Amino acid sequence: MHQATTTTRGYDLRSAKPGSSSHRLGRRLIQLYAGLVLYGVSSALLVEAGLGLEPWGVLHQGLARLTGLTIGVVSIIVGAAVLLLWIPLRQRPGLGTVSNVFVVGLAMDGTLDLVPDVRSLLLRIPLLVAAVLLNGVATGLYISARFGPGPRDGLMTGLHRRTGRSIRLMRTGIEVAVVATGFALGGTVGVGTVLYALSIGPLAQLFLRVFDVPAASGGSTVVVEGQPEGAILRR
């Protein structure tokens with residue numbers, strides 16, 4: 001950005017009119033970062049619930065226990081490492097891809113620092129449900145912003161293109177390996193993991209429709225367009 005925070009790539013967001021290119025870009029940027037922050041918050045709430053994490057969260061938690069790093073820092077490191085795997089797969093990251101690596105991990109650690117420990121099962125169960133629902137909202141927000149997939153999604157789609165195997169097979173294979181490795185390292189697998197696996201697809205698809213931003217006719221090297229419904233519904 002070359003101007004004040006109220007301008008983006010030559011557009012004045014303060015004077016933007018609904019339906020204009022600047023208004024659309026402003027809305028997309030808000031959706032992107034709101035979605036990524038909420039994704040980190042929801043992932044932290046899954047940790048607090050203690051009833052099972054999403055597949056990559058299991059790996060992050062296991063590595064955090066092994067290394068002594070915070071789970072948010074581990075998420076950033078793993079995201080950056082996965083992003084490096086895009087190079088041989090010839091994947092092109094967008095603004096959302098790079099932002100995903102850092103914003104989610106920082107939001108996770110911030111939330112875990114602020115939220116008190118929850119020990120009662122009567123509180124942990126609704127916390128789990130709320131976390132999964134919030135994760136669906138967050139996924140719909142940031143994918144609908146059309147700034148590029150998360151690093152883990154890009155790994156799946158890149159392998160799909162290079163191997164010719166189905167995306168479903170690539171996703172299943174990667175996430176089974178991720179969960180197994182994370183569980184072996186001490187990550188939490190439980191009813192929350194199953195609930196997340198069964199519900200995140202329908203929830204994300206619902207909120208993709210709710211938050212969809214109509215694509216503009218033009219694009220740029222930073223602004224990645226495309227149909228969000230074609231995205232893999234995981235970071």
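Serine 42 has a relative accessibility of 0%, so it counts as buried. This serine lies in helix 1, in what is a predicted model. Which residues does serine 42 touch, leaving aside its neighbours within four places in sequence? They are Ala131, Leu134 and Asn135.

Helix 1 itself is a good place to check the geometry. At 1.5 Å a residue, its 29 residues should span 42 Å, and the C-alpha atoms at its ends sit 41 Å apart, so the two figures agree. Just after helix 1 comes glycine 50, with a positive phi near 65°.

Now step back to the whole chain. It holds nine helices and two strands, and reading from the N terminus the order is β-β-α-α-α-α-α-α-α-α-α. Of the 235 residues, 48% count as buried. Take the contacts between residues at least 6 apart in sequence, and 80% of them join residues at least 24 apart. The accessible surface adds up to about 11,500 Å², with 66% of it belonging to carbon and sulfur atoms.

Helix 3 shows how the helices pack. Covering residues 71–84, this helix has 14 residues that should span 20 Å at 1.5 Å each, and its end C-alpha atoms are indeed 20 Å apart. Its buried residues are Ile71, Gly72, Val74, Ser75, Ile76, Val78, Gly79, Val82 and Leu83. Scan that list with some helix geometry in mind: an α-helix has 3.6 residues a turn, so residues three or four places apart point the same way. What do the buried residues of helix 3 pack against? Their partners are helix 1 (21–49), helix 2 (55–67), helix 4 (86–89), helix 5 (95–114) and helix 7 (151–163).

Helix 6 is next, and it gives us both a surface feature and a buried residue. On the surface, Leu121, Ile125, Val129 and Leu195 make a nonpolar patch of about 320 Å². Helix 6 (residues 121–144) supplies the largest share of that patch, three residues. Valine 129 sits in helix 6. Is valine 129 buried or partly exposed? Its relative accessible area is 46%, so valine 129 is partly exposed, falling between the 20% and 50% cut-offs. Isoleucine 143 is also found in helix 6, but with a relative accessible area of 9% isoleucine 143 is buried, because buried means under 20%. Isoleucine 143 is 64 residues from phenylalanine 207 in sequence, while their C-alpha atoms are 9.7 Å apart in space.

On to charges. Side chains of opposite charge can pair when their charged atoms come close. How many salt bridges does the count come to? The answer is two.

One of these salt bridges joins aspartate 212 to arginine 146, with 2.6 Å between the closest N and O atoms. Aspartate 212 is in the segment after helix 9 (191–211) and arginine 146 is in the loop between helix 6 and helix 7, so this pair ties together parts that are 66 residues apart in sequence. The two ends differ in cover: aspartate 212 is partly exposed at 25% relative accessibility, whereas arginine 146 is buried at 6%.

Arginine 171 and glutamate 175 form a salt bridge as well, at 3.7 Å from N to O. Both residues lie in helix 8 (residues 167–184), four residues apart, which is about one turn of the helix. Arginine 171 has a relative accessible area of 24% and is partly exposed, while glutamate 175, with 11%, is buried.

Finally, how far can you trust all this? The chain averages a pLDDT of 85, and 83% of the residues score at least 70. Two stretches deserve some caution. Over residues 1–16 pLDDT stays under 50, and the model has 21 contacts beyond four places in sequence for them. Residues 219–223 also stay under 50, with eight such contacts beyond four places in sequence. Where pLDDT is low, the predicted coordinates should not be read in detail.

Definitions and conventions. Residues numbered from 1 in each chain as written. Heavy atoms only, no water. Expected span 1.5 Å × (residues − 1). Buried < 20%, exposed > 50% of the residue type's maximum accessible area, 1.4 Å probe, protein only. Contact = heavy atoms within 4.5 Å. Patch = residues over 30% accessible without salt bridge, like charges linked within 9 Å, V, L, I, M, F, W, Y side chains within 5 Å. Areas by Shrake-Rupley, 256 points an atom, 1.4 Å probe, with all protein chains shown as cover. Salt bridge = Lys/Arg side-chain N within 4 Å of Asp/Glu carboxyl O. pLDDT = per-residue confidence, 0-100.
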